[in-house]
Amino acid sequence: MKKLPRNPTATGPAETFTGSVLVDGIRGPMDGSRVAMAHVHFAPGARTYWHTHPVGQTLYGTDGIGVVVSRDGTVVTLEPGRTVWIPPHEEHWHGALDDQLMAHIAIQEGDDADETVTWLDPVGDEEFARANEAARGR
């Protein structure tokens with residue numbers, strides 16, 4: 001057993017996030033485990049780019065309300081205490097609603113090459129607005 005050092009909070013890079021995002025790294029792969037974890041904080045309207053994970057991803061909501069959206073248009077709300085599983089290679093994005101902050105713990109596992117994510121294109125404003133409408137039941 002070992003106590004891991006606290007990592008400084010990092011800004012989500014503009015190459016993979018839209019809006020204000022802060023990332024607190026929890027842990028990366030180590031000692032034979034391929035699991036990586038982070039606590040990610042999204043300001044209202046902030047979101048990831050489209051992306052995939054080779055071994056899937058688990059999101060656990062900790063604060064506020066957000067959405068997880070797949071390319072087929074499925075929209076799942078993410079709120080405190082809710083867990084969402086995204087299967088391997090499923091194209092998706094996640095972020096806060098346009099008027100709510102959202103935070104989640106992201107858990108993903110690396111593949112044989114230690115890759116945990118493949119970043120794709122940004123989420124457009126229209127598709128972001130559609131996800132917000134779907135989350136509100138409109």
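## Aromatic pairs

Three-dimensional analysis of this predicted model gives 3 aromatic pairs. In one of them, Trp93 and Phe128 have ring centres 5.9 Å apart and planes at 45°, so the pair is tilted. Trp93 belongs to strand β11 (residues 92-96) and Phe128 to helix α1 (residues 125-135), so this pair ties together parts that are 35 residues apart in sequence. Both Trp93 and Phe128 are buried. Elsewhere, ring pairs link Phe17, Phe42 and Trp119 into a cluster.

## Charges over rings

Phe128 also has a charged partner: the charged end of Arg47 sits over the ring of Phe128, at 4.2 Å from its centre. A second arrangement of this kind involves Trp50, where Arg71 lies over the face of the ring, 4.0 Å from the ring centre. Both arginines, Arg47 and Arg71, return below as members of salt bridges.

## Nonpolar cores

In soluble globular proteins, nonpolar side chains tend to be buried together. Here the largest nonpolar core has 14 residues, and those with the most contacts inside it are Val21, Phe42, Leu59, Val68 and Leu78. Strands β4 (35-42), β10 (83-86) and β12 (102-109) each supply at least two residues of this core, and β4 gives the most, with 3 residues. A second, separate core of 8 residues includes Trp50, Val69, Leu97 and Val123.

The surroundings of Val68 can be described in detail. Setting aside residues up to four places away in sequence, Val68 touches Leu59, Thr74, Val75, Val76, Leu78, Val84, Ile86, Trp93 and His94. Leu59 and Leu78 are themselves among the residues with the most contacts inside the largest core, while Trp93 is the ring that pairs with Phe128.

## The setting of His104

His104 is placed in strand β12 and is buried, with a relative accessible area of 0%. Its side chain is joined to that of His94 by a polar contact of 3.0 Å. Apart from neighbours within four places in sequence, His104 is in contact with Ala38, His39, Val40, Phe42, Leu59, Tyr60, Gly61, Thr62, Leu78 and His94. Phe42, Leu59 and Leu78 in this list also appear among the residues with the most contacts inside the largest core.

## Salt bridges

The structure holds 8 salt bridges. One of them joins Arg34 and Asp112, whose closest N and O atoms are 2.8 Å apart. Arg34 lies in the loop between β3 (21-27) and β4, and Asp112 in the loop between β12 and β13 (118-119), so the pair ties together parts that are 78 residues apart in sequence. Arg34 is partly exposed, at a relative accessible area of 32%, whereas Asp112 is exposed, at 70%.

The side chains of Arg47 and Asp125 form another salt bridge, at 3.0 Å from N to O. Arg47 lies in strand β5 (residues 47-48) and Asp125 in helix α1, 78 residues apart. Arg47 is buried, with a relative accessible area of 4%, but Asp125 is exposed, at 63%. Arg71 and Asp121 meet in a further salt bridge of 2.6 Å, N to O. This pair links the loop between β8 (66-70) and β9 (75-78), which holds Arg71, to the loop between β13 and α1, which holds Asp121, 50 residues apart. Arg71 is partly exposed, at 40% relative accessible area, and Asp121 is likewise partly exposed, at 33%. Salt bridges with shared partners join Arg71, Glu91 and Asp121 into one network.

Definitions and conventions: Residues numbered from 1 in each chain as written. Predicted model: local features only at pLDDT ≥ 70, side-chain atom pairs only at ≥ 80, totals over all residues. Heavy atoms only, no water. Phe/Tyr/Trp six-rings, centres within 6.5 Å; stacked < 30°, edge-to-face > 60°. Helix = DSSP H or I, 4+ residues; strand = E, 2+ residues; numbered from the N terminus. Buried < 20%, exposed > 50% of the residue type's maximum accessible area, 1.4 Å probe, protein only. Lys NZ or Arg CZ within 6 Å of the ring centre and 35° of its normal. Core = buried A, V, L, I, M, F, W, Y, C linked by side-chain atoms within 4.5 Å. Contact = heavy atoms within 4.5 Å. Polar contact = N/O pair within 3.5 Å; in protein donor to acceptor, adjacent residues only side chain to side chain. Salt bridge = Lys/Arg side-chain N within 4 Å of Asp/Glu carboxyl O.
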